[in-house]
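Visitor: I should like to understand on what grounds certain terms are applied to this protein. Would you take me through the reasoning?

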Amino acid sequence: MKNFFPSILLVFCVISVSCSINNSNYGKETSIVGTFVMNQGSGSANGSVTHYHADTLTNELFNEINDRPLTGEMLAASFGSEKGYFLMSEGNSSVIEKVNLDDFKSEMTSASVANATDVVCVSDTFVYATIAGADEMTSGELLKIDATTLSIKETIKVGINPTKIAYDKGKLVYVANTSDLENGIMIVDLVRNQTIDTVKIETLVNPVDMVIDVHSNLWVLCEGEGESPKSNAGLVRISYTANDEGERDVTNLPFDGGYYGKGRRGISTSLGGGTVYYINKGAYSFNVNDFDKLDADNDYGLNFKKVFGQDYADVVFDAVDVSSRNGMFYSTLSEESKVIVFDSFGIMEEEIEVGTKPRNCLFR
């Protein structure tokens with residue numbers, strides 16, 4: 001594939017602003033809205049949530065509301081319409097912390113499970129989580145969890161090392177597996193509570209993150225192997241529909257120059273799913289509607305554009321998330337405990353100091 005990563009730079013003026021204001025008005029509004037930064041934490045610092053809205057920044061939001069910290073490191077987080085779920089881990093033991101998003105008060109903590117890897121809220125009724133197998137001979141599991149009680153209702157066998165869940169249209173859950181024997185995606189029918197397909201990924205390895213586009217097709221980020229820039233890395237597109245033989249179309253789009261990104265949380269979409277963003281050496285975007293526009297060389301017509309320019313053109317962010325409220329980009333730098341905010345044109349607006357090891361941002 002030619003010109004997979006054309007370098008299209010945006011020329012802009014950089015305005016750097018540091019925010020450190022704390023908010024003491026929680027509970028006085030009917031609902032807490034804005035940007036929520038999920039901070040992983042470390043061995044010496046618990047995971048936490050930073051809230052940012054209308055130029056007001058509050059680190060340790062959960063702590064401030066509940067007079068206690070989240071316990072352990074944050075592995076994953078997911079928001080429903082009214083509740084938020086945080087997967088917290090200490091060693092091999094993990095729990096799900098449930099909060100009311102209107103006031104961010106904790107409602108309950110689940111029983112402990114071992115080797116949890118991800119959590120996704122699919123409705124006000126159910127939450128799904130994955131747990132890895134205890135060893136290389138034991139299957140992992142997809143857990144169907146009652147959203148009200150946080151009790152496990154169903155277990156579905158998946159791969160040995162499930163890394164990520166993606167959810168689509170109230171019916172399907174996709175589970176990425178990274179073990180050597182199961183380098184691919186398992187598709188689970190939520191109505192029948194069973195796996196209906198397993199899509200093997202050839203050539204590219206270690207699928208660690210996924211998003212679903214406007215056409216319900218799945219885009220998978222494979223982080224590859226070896227030292228940076230990693231080899232056998234790239235994007236994989238898996239079609240939502242199957243052909244007459246029951247097979248889904250699978251297209252590999254390798255990173256020709258290798259992969260510099262951090263892996264999980266390195267892919268996201270615009271609101272509605274018409275544009276996919278991913279991190280490599282810099283952040284890139286492309287329009288999914290261009291996928292089937294073949295040219296004379298049978299390339300897929302995708303125009304990969306650098307999202308940011310100048311000082312940020314080649315920065316390897318940990319995540320780039322697009323706000324559902326204003327279309328702005330929130331890009332995390334884990335080792336610096338910072339979030340860099342860009343406007344919808346990719347122009348840098350401000351720099352925010354957040355908690356320890358920011359992972360990604362959620363919006364409400």
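Guide: Let us begin with a term: a residue is called buried when its relative accessible area is under 20%, exposed when the area is over 50%, and partly exposed in between. Please note that the model is predicted. By this criterion both Glu351 and Lys338 are buried.

Visitor: What makes Glu351 and Lys338 a salt bridge?

Guide: The term requires a side-chain nitrogen of Lys or Arg within 4 Å of a carboxyl oxygen of Asp or Glu. For Glu351 and Lys338 the closest N and O atoms are 3.1 Å apart, so the pair meets the cut-off of 4 Å. Glu351 belongs to strand β29 (residues 348-353) and Lys338 to strand β28 (residues 338-342), so the contact ties together parts that are 13 residues apart in sequence.

Visitor: Which residues are joined into one network by salt bridges that share partners?

Guide: Lys83, Lys98 and Glu107 are joined in this way. In total, the structure holds 15 salt bridges.

Visitor: Why is Glu97 called buried or exposed, and what of Arg68?

Guide: Glu97 has a relative accessibility of 3%, and because buried means under 20%, it counts as buried. Arg68 stands at 30%; since this value falls between 20% and 50%, Arg68 counts as partly exposed. Their side chains meet in a salt bridge at 2.7 Å, N to O. Glu97 is in strand β7 (residues 93-100), while Arg68 is in the loop between α1 (61-66) and β5 (73-79), so the pair links parts that are 29 residues apart in sequence.

Visitor: How do you know that Asp189 forms a salt bridge with Arg192?

Guide: The closest N and O atoms of Asp189 and Arg192 are 3.5 Å apart, and the pair qualifies because the limit is 4 Å. Asp189 has a relative accessible area of 3% and is therefore buried.

Visitor: What makes β18 and β21 edge strands?

Guide: Four strands form an open sheet in the order β18-β19-β20-β21, with antiparallel pairing. Strands β18 (207-212) and β21 (248-254) each have a single partner strand, so one side of each is left without a neighbour in the sheet. The twist averages 20° from one strand to the next.

Visitor: How do you know that β20 and β21 pair?

Guide: Two strands pair if there are at least two bridges between them. Strand β20 (residues 234-242) and β21 have six bridges, in the antiparallel sense, so the requirement of at least two is met. Within β21, Asn252 is the bridge partner of Val236.

How values were computed. Residues are numbered from 1 along each chain as its sequence is written. This is a predicted model: local features need pLDDT of at least 70, side-chain atom pairs count only at pLDDT 80 or more; totals for chains, interfaces and linings use all residues. Side-chain values use heavy atoms; hydrogens and water are left out. Axes are lines fitted to C-alpha atoms, for helices over the stretch in contact, and angles run from 0 to 180 degrees between N-to-C directions. Buried means under 20% relative accessible area, exposed over 50%, partly exposed in between (1.4 Å probe, protein chains only).
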